[in-house]
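This briefing looks at how some neighbouring strands are joined and at what surrounds an open space in the protein. Please keep the sequence and the 3D view at hand while reading.

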Amino acid sequence: MTNIATETRSVVVEREIPYPPEKIWRALTQPHLIEEWLMKNDFKPVVDHRFNLRKETQTDVSIVVDCQVTAVELNKTLSYTWQAYGLESVVTWTLMPTSTGTRLRMEQSGFRPDQEQAYRGATSGWRQYFTNLNQVLARMD
């Protein structure tokens, strides 16, 4: 029997990107690049490292996301917790080389049934972040 109260949902965004995994990895793990496509941060690709993602909105509201790195496999997998506004989730990036670049998959898991607004926000937000990421990758050497 399944306990519906503990079931969670995930936001998944998956794209074929015409760059090698090493280039995408840099954009996912270098703080100055993360800031360009996601938010200001003090990220380090080290398991157990605690960091924050920060953003000021146009209405002077501060967004702060508390995170902790849970997995790092160079150029392949990156995972960290994502905690903000009562949401306790996990973001996992998976990079799979292809003949034309990389299959990049992001999954944010842990949305409870009563977190519909956060789920919808993440669904649209991650699409925008992927657009921003592609723009950063296009500018990188």
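A pocket is an open set of grid points where a 1.4 Å probe fits, with protein on both sides within 12 Å along at least five of seven lines. In this model, which is predicted, the largest pocket has a volume of about 490 Å³.

**The largest pocket**

- The lining of the largest pocket is made up of 18 residues, and those nearest its centre are Trp82, Tyr85, Ala118, Gly121 and Ala122.
- Strands E4, E5 and E7 (101-111), together with helix H3 (116-139), each supply at least two residues of this lining, and H3 gives the most, with 7 residues.
- When the lining residues are sorted by class, 12 are nonpolar, 5 are polar and 1 is charged.

**Strands E3 and E4**

- Strand E3, which covers residues 50-56, runs antiparallel to strand E4, which covers residues 62-73, and 7 bridges join the two.
- Within this pairing, lysine 55 stands opposite isoleucine 63 in E4.
- The hairpin of E3 and E4 has 5 residues between its strands, and aspartate 60 in this hairpin takes a positive phi near 60 degrees.

**Strands E4 and E5**

- E4 also pairs with strand E5 (residues 77-84) in the antiparallel sense, over 5 bridges, and alanine 71 stands opposite serine 79 in E5.
- A hairpin is formed by E4 and E5 with 3 residues between them, and in its turn asparagine 75 has a positive phi of about 65 degrees.

Note on methods: Residues numbered from 1 in each chain as written. Predicted model: local features only at pLDDT ≥ 70, side-chain atom pairs only at ≥ 80, totals over all residues. Heavy atoms only, no water. Pairing = 2+ DSSP bridges. Helix = DSSP H or I, 4+ residues; strand = E, 2+ residues; numbered from the N terminus. 1 Å grid on protein atoms, 1.4 Å probe; cavity = no way out; pocket = protein on both sides within 12 Å on 5 of 7 lines; lining within 4 Å. Points joined across faces, edges and corners; volume = space filled by probe spheres on them. Nonpolar A, V, L, I, M, F, W, Y, C, P; charged D, E, K, R; others polar.
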